Structure formats: structure tokens, C-alpha cells
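Biologist: I am new to this structure and would like a close look at one topic, the pairing of charged side chains. Please take me through it step by step.

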Amino acid sequence: MSERVVLVGSSVAGVRTAQDLRSGGFDGEIVMLGAERELPYDKPPLSKQVLVGTMSEDDIGLLGAGGWDGLGVDGRLGQRATALDVDERLVAVEGGDDVEYDALVIATGVRPRTLPGGLGDHQSVFTVRELRDGRELSRALAHGGPLMVVGAGFIGAEVASSARSLGVEVTMAEALAAPFDRVLGTEVGRHLTELHRSHGVDVLTEASVAAIEPTRDGAVVRFADGRSREAATVVVGIGTIPNTEWLVSSGIPLEDGVLVDEGCAVQAAEGVYAVGDVARRWDPATDVYRRVEHWTSAVEQAHAVAQQIIHPLAPAEAAKAPYFWSDQFGTKIQMVGRPGDADRVDLHTFEVKGVDRTVALYSSAGAFAAGVTFGWPRGIAACRAAWASRPPVADVERTLHTLSSGMAPVA
Amino acid sequence: MRIHADIGKCQGYGNCVAIDAKHFDLDDDGMVVVIDDAVAPDELDTTEEAVRSCPVSAIWTQAAGGPADE
Ligand SMILES: Cc1cc2nc3c(=O)[nH]c(=O)nc-3n(C[C@H](O)[C@H](O)[C@H](O)COP(=O)(O)OP(=O)(O)OC[C@H]3O[C@@H](n4cnc5c(N)ncnc54)[C@H](O)[C@@H]3O)c2cc1C
Ligand code: SF4
């Protein structure tokens, strides 16, 4: 068993690895490096409950009541890993001492992509990734709107929803013709766009930002086609970039993330793993490396890696169904599987207890590929249970019918 | 061991159900339902995994007869 495990990254993937190592009986040393000075916190509430004020900063802490000591972790905050030497098994650290490892877990996540050409370098322009972003954005929204959200992705959409519930006027600008198209496809993207419009969000399409000009109380956002809007606050949500620069000199394989095998191990380096948003894991079923930014995947991967460090000879835990949730305008939007793999999508409405619930079922050559539910957690639970065996999509539809009409069990 | 749930915290994310459908279900409003709160020793690993998977710590296990088990 490894004697010293070094975790780089102090967010959910890193903290869960530490917790799972301890609950699995690991009694060696655990060192955690975190670039941020904040105690580890959870990110999903940053665009939701923390913005609207229903959860406090204390509510999103990840360490638990016992803190570092309770976990038995040497937490080194404000210390950024700057390089990795896989032969010497050494991590170079800025702001602290370099550290040797027997096992290394890379959990450095991603950071928001910013607008090109320094367009967003202005104090009224925000991205939402870290606690301090959430803090500053809350403060900005408390002064009222209007808010301009650039990019129709999930985080921007959640910020839009949170801002509307605070009574702030919101415009969302998407460069493509169909908002949410990239993740959900055109039809389902349209459904989600309608949800936004019906809650008063002004959704602009084919609106690509050409300039953001500072004004006395905010900015003017100018689009390439000549349109423009004034905003007190601008939130940019246009995708992410994996935090792998510090690994370039190590020679481990990097390509839109750290390439890892089925068990999240870096094949080319002994004792090195990657988990969470930064990891691009090999999927044996399709022979494709995939990187997903889903909370649940980070937690599953953390568990799988902790198990491997403790039991190096046991087979690695297989990946589970990709699963994501989002909360917008009081509706839970939940997704299982990979809509991008599908060649067809059908929207269905199921009536449950007098309320219509929309479900999108995606299929590839007739086999169930993905499901998205709007406001029906029980429906997504059934889709999740079905996903592993990729049944005919008609079977999934039938299961949902049964579920909507009575008391059939979910799984 | 017994399962406890804080319905007020549950967000209907359903991670518990995906891992341990023997003990957890969701109702039509998306709230967790503990189908059977007793966990046999050989089920404990799975139930603990379900507990850990909850993003909002709305479920937990406790030895039967413990303080929260009146
Ligand atoms: C606003 C927001 C809302 C979200 N909502 C949802 C949701 O509703 N549902 C869902 O499934 N997922 C959601 N997600 C995604 C989910 O939060 C991520 O999948 C999860 O945070 C991934 O965790 P991670 O530990 O891999 O990476 P991260 O959370 O990105 O953490 C990486 C950590 O590493 C640190 N770090 C980076 N480089 C270094 C370095 N060189 N040295 C030391 N430390 C370093 C960073 O400071 C950071 O603390 C949301 C994310 C955001 C930002
Ligand atoms: S995982 Fe947690 S939030 Fe999700 S349904 Fe279960 S108890 Fe509720």
C-alpha cells in the first residue's frame, strides 16, 4: 500500500478521494495541495442556492465537521502545483515545499474559458467557478440588473434563473442559432429556451459578442451584427479549459484533459491517477476517451481511485451511467447518458399526479442513448436504471408510462 | 444499521436510488422515500455508497437504537 498519497486540487474530486481512502482503511499520509485559499467547498450551489441566498458559504463546505484533522489530511491551501516529475515522483509547488509521493491523484479540474482578445477584462464581467466568483456575483446582483449572460450553457442558464428569481432583468446571448444545442440537441434546446422565455429571460440568438465597453455603471455589450444591450453585470459562460498546464513538462499524455485508463490511472506513469473534471477516461464499451464535467462522475472516480490505491490488484470499478442535474426556474432538469451519441430524439409528455412532465428520449439505431427529464426525478431514476443495458428506446418509454400511471418500482 | 433521511434537504437528484434501489426510491414529487430502513450487514457497503453519493447529505445511517432512532 502507498505510504504517502498526494492529492492535487482541493475540490470535490480531491476531497472525496481523501475521504474514501480513509473510510477504506488507508492509514498512510495524505497531503492535499489547493491553489485556492478557501477551505474546500462544493461548486454546484454557486450558481443556484448560494446566488439566491438559500445556502450559505458554511453550507457548502466539503470537509465535514472534523475539518482536516478529522479526515487525517495535511491540507496545504494557497499552494499551487507547478510541475510534476514522474521519475523522481515529485510535485513542484509554488507557495510551499515540493512534495514527494508514492501515489499522486490529479484533481485540478477546469477553469472557465474567457472571451477572446481580453474582451471580458472588465470589473462588471464575471465567470462562475470559484467561491469568490459566487460571492462577488451575489453582491453585484444585489444592486439589481440588468444582467447579460453570454453563452447558453448550463451554468449561464442557472445564473439567469437565479437572477430572475431575485427580480433582476436578464438577457441571455447565444452565438449559435439554437441555444443549448451543443449538449441537448435542437429540439430539447428549444424546449429549454422556451422555459427561459416564459420566465422573462430575453434570449438572443446568433449573437456573438464583438465588444464590451465599460460605462459608469456597467457595460455596453455590442454584438457582431450591430445589436447592443446595456448591462450592469455580465456573466460569461462559454465553456471550460482543463487545468493541465502544470503537467506539460511531465510528459504524461494530455489531450483536452489527462488521458487515463478505465480505472483513472495514467498508463505511462507509475502511481499517477486523474479524477474529476480534468480526467479524460477511456470508455472500453466505445473505445473513446471521454471527459465529463459532472459532479457525480467526480465522486465515482474518486471512489474508484481510492479503492485502487488501497487494493492495487483488484479490478478497477467500471464507470456508471453519466448523470447530470441542473435546477432552473424551480424545474429539475436531469440528464442520463450521452445525447451526442444519438441519431434521434423524441419529446414525450407524461402526466403524473395531474402535472405534465416533459421527457426527451434519445436513441441511436433504436437503442436508448440518453434521457433528459424536466421536473420528474422519478422518471430520470428509471432512465438511469435502464441505461446500462441500452434497451430499445420503446421499452424505456413504456417503463415511463407505467411509472407515470401508478406505483411501479423505479428499478 | 438504520437509514435516516432529511426530506427537507433532499433535492431529488436520485443518486441514492441509482446505487441502492433496495432501500431508496423517489416519490412523484421527487423526494426520497426510504423503502426499508433496516440495512443488513451484507448490504451495508452498498447503502454507505448511496449515502456518500448524495450531493446534499440528506441521508445517513446510524446504529439501530442510537439517539436519532427513537
Ligand atoms: C457554478 C457551477 C455549477 C455546477 N452545477 C452542477 C450541477 O448542477 N450538476 C453537476 O453534476 N455538476 C455541476 N457542476 C460541475 C461540478 O461542480 C464539477 O463536476 C466538479 O466541481 C468537479 O470537481 P473537480 O474536483 O474535478 O474539479 P474542480 O471543482 O474544478 O476543482 C479543482 C480544484 O483544483 C484546484 N487547482 C487547479 N490547479 C491547481 C494546481 N496546479 N495546484 C493546486 N490546485 C489546483 C482549483 O483551485 C480547484 O479547487 C457545476 C460547476 C460549477 C462551476
Ligand atoms: S441522493 Fe440525496 S438528494 Fe438525491 S434523491 Fe437521494 S437523498 Fe435526495
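Modeller: In this predicted model, a good place to begin is Arg129(A), which has a relative accessible area of 15% and is therefore buried, since the cut-off is under 20%. Asp277(A), at 13%, falls under that cut-off too, so it is likewise buried. These two residues form a salt bridge in which the closest N and O atoms are 2.9 Å apart. Arg129(A) sits in the loop between strand 9 (125–126) and helix 4 (131–142) of chain A, while Asp277(A) sits in the loop between strand 19 (272–274) and strand 20 (279–283) of chain A, so the pair ties together parts that are 148 residues apart in sequence.

A second pair in chain A joins Glu158(A) to Lys48(A), with 3.1 Å between the closest N and O atoms. Because Glu158(A) belongs to helix 5 (residues 154–165) and Lys48(A) to the loop between strand 2 (29–34) and helix 2 (49–52), both in chain A, this salt bridge ties together parts that are 110 residues apart in sequence. Both Glu158(A) and Lys48(A) are buried.

The salt bridge between Arg291(A) and Glu293(A), whose closest N and O atoms are 3.0 Å apart, has partners in two accessibility classes: Arg291(A) counts as buried at 18% relative accessibility, whereas Glu293(A), at 28%, counts as partly exposed. Salt bridges can also link several residues, and Asp283(A), Arg290(A), Arg338(A) and Asp341(A) make up such a network. Over all chains, the structure holds 31 salt bridges.

The topic also leads to the contact between the chains, to which chain B gives 19 residues and chain A gives 25. About 1800 Å² is buried between chain B and chain A, with carbon and sulfur atoms giving 47% of that area. On the side of chain B, Tyr13(B), Asp28(B) and Arg52(B) supply 39% of the area buried against chain A, more than any other three residues. Five salt bridges are found across this interface, and in one between Arg52(B) and Asp20(A) the N to O distance is 3.4 Å. The interface also has 17 residue pairs in polar contact. Helix 1 (15–19), strand 2 (24–26) and helix 2 (44–53) of chain B are the elements that each give two or more residues to the side touching chain A, and that side comprises seven nonpolar, six polar and six charged residues.

Definitions and conventions. Residues are numbered from 1 along each chain as its sequence is written. Chains are lettered from A and ligands numbered from 1 in the order in which they are written. This is a predicted model: local features need pLDDT of at least 70, side-chain atom pairs count only at pLDDT 80 or more; totals for chains, interfaces and linings use all residues. Side-chain values use heavy atoms; hydrogens and water are left out. A salt bridge is a side-chain nitrogen of Lys or Arg within 4 Å of a carboxyl oxygen of Asp or Glu. Helices (H or I, at least four residues) and strands (E, at least two) are DSSP runs, numbered from the N terminus. Buried means under 20% relative accessible area, exposed over 50%, partly exposed in between (1.4 Å probe, protein chains only). Contact means heavy atoms within 4.5 Å. Buried area is the accessible area (1.4 Å probe) that two parts lose on being put together, summed over both. A polar contact is a pair of N or O atoms within 3.5 Å; within protein, one must be able to donate a hydrogen and the other to accept it, and residues adjacent in sequence count only if both atoms are side-chain atoms. Ala, Val, Leu, Ile, Met, Phe, Trp, Tyr, Cys and Pro count as nonpolar, Asp, Glu, Lys and Arg as charged, and the others, Gly among them, as polar.
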